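Morning, everyone. I have a few minutes on pockets today. Please have the structure open as I talk.

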Amino acid sequence: GPGCILGFETYDAKVRRWEEEHDGSKFIGKNCSMARQRLDCGEAYACVQGQCSPCDGSRQCLEKFKCVDGHHNHKVCVPRDLVEHFNWAHTVCTILIAVTAMLAAAAGTGGGGIFVPLFLLLLGLQAKEAVPLSQALIVGGAIVNVLMFSGDRHPNNPEMPKIDYKVIMMMNPGLAA
């Protein structure tokens, strides 16, 4: 709410625009499409079965938004704040991801088969969010492994590198297809 500093009114950084704060009569009941949800319904309302309406859960809101109780006896979508919404599930998921990443790096697998279910079950992410995040973790792990092993020598044949670059060159065209 407003405060006063040296005679000037100050407001919270999260002051919402009039369109987002009013009773929603401009948006509720309006026809919409999922592709144009932000334009048709604004950020505060969800596109449910082709009509703008209050959200029932965070999955109906836009990305990076969460469904909360609004001021007018209905739920609205508000931007998620990382610090405010960080809870025990995020802590457990972070620890499990770190352990899984270490085990996957040691085993030479990607770890994506574990990352995606953790994101879906513990964090409540949608598949379209969980899969790219998992792929980013796998790429990061692969880069770390290449940096760690690129200078090492083969244990049985010290004049050869530990990474067999001939095999990589042979597999690369198939991976690019």
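**Two pockets**

Let me start with the second largest pocket. Two helices, α4 and α6, each supply at least two residues of its lining. Keep in mind that this is a predicted model.

Which helix gives the most to that lining? It is α6, with nine residues. The volume of the second largest pocket is about 500 Å³. There are 21 lining residues, and those closest to the centre are Ala105, Ile138, Gly141, Ala142 and Asn145. By residue class, the lining splits into 14 nonpolar, six polar and one charged.

Now the largest pocket. Its volume is about 890 Å³. The lining counts 31 residues. Closest to the centre of this pocket are Arg80, Leu123, Gly124, Leu125 and Glu129.

Which elements give two or more residues to the lining of the largest pocket? One strand is on the list, β5 (65-69). The helices are α3 (82-85), α4 (88-107), α5 (112-122) and α6 (127-149). The largest share comes from α4, at five residues.

What about the chemistry? The lining of the largest pocket divides into 14 nonpolar, nine polar and eight charged residues. Set that beside the second largest pocket, again with 14 nonpolar, but with six polar and one charged.

One point to take away, on the helices. Both α4 and α6 give two or more residues to the largest pocket, and each supplies at least two to the second largest. The top contributor is α4 in the largest pocket and α6 in the second largest.

That's it from me. Thanks.

Terms used: Residues are numbered from 1 along each chain as its sequence is written. This is a predicted model: local features need pLDDT of at least 70, side-chain atom pairs count only at pLDDT 80 or more; totals for chains, interfaces and linings use all residues. Side-chain values use heavy atoms; hydrogens and water are left out. On a 1 Å grid over the protein atoms alone, a cavity is a set of points where a 1.4 Å probe fits but cannot get out, and a pocket is an open set with protein on both sides within 12 Å along at least five of seven lines; lining residues have an atom within 4 Å of a point. Grid points are joined across faces, edges and corners, and a volume is the space filled by probe spheres set on the points. Helices (H or I, at least four residues) and strands (E, at least two) are DSSP runs, numbered from the N terminus. Ala, Val, Leu, Ile, Met, Phe, Trp, Tyr, Cys and Pro count as nonpolar, Asp, Glu, Lys and Arg as charged, and the others, Gly among them, as polar.
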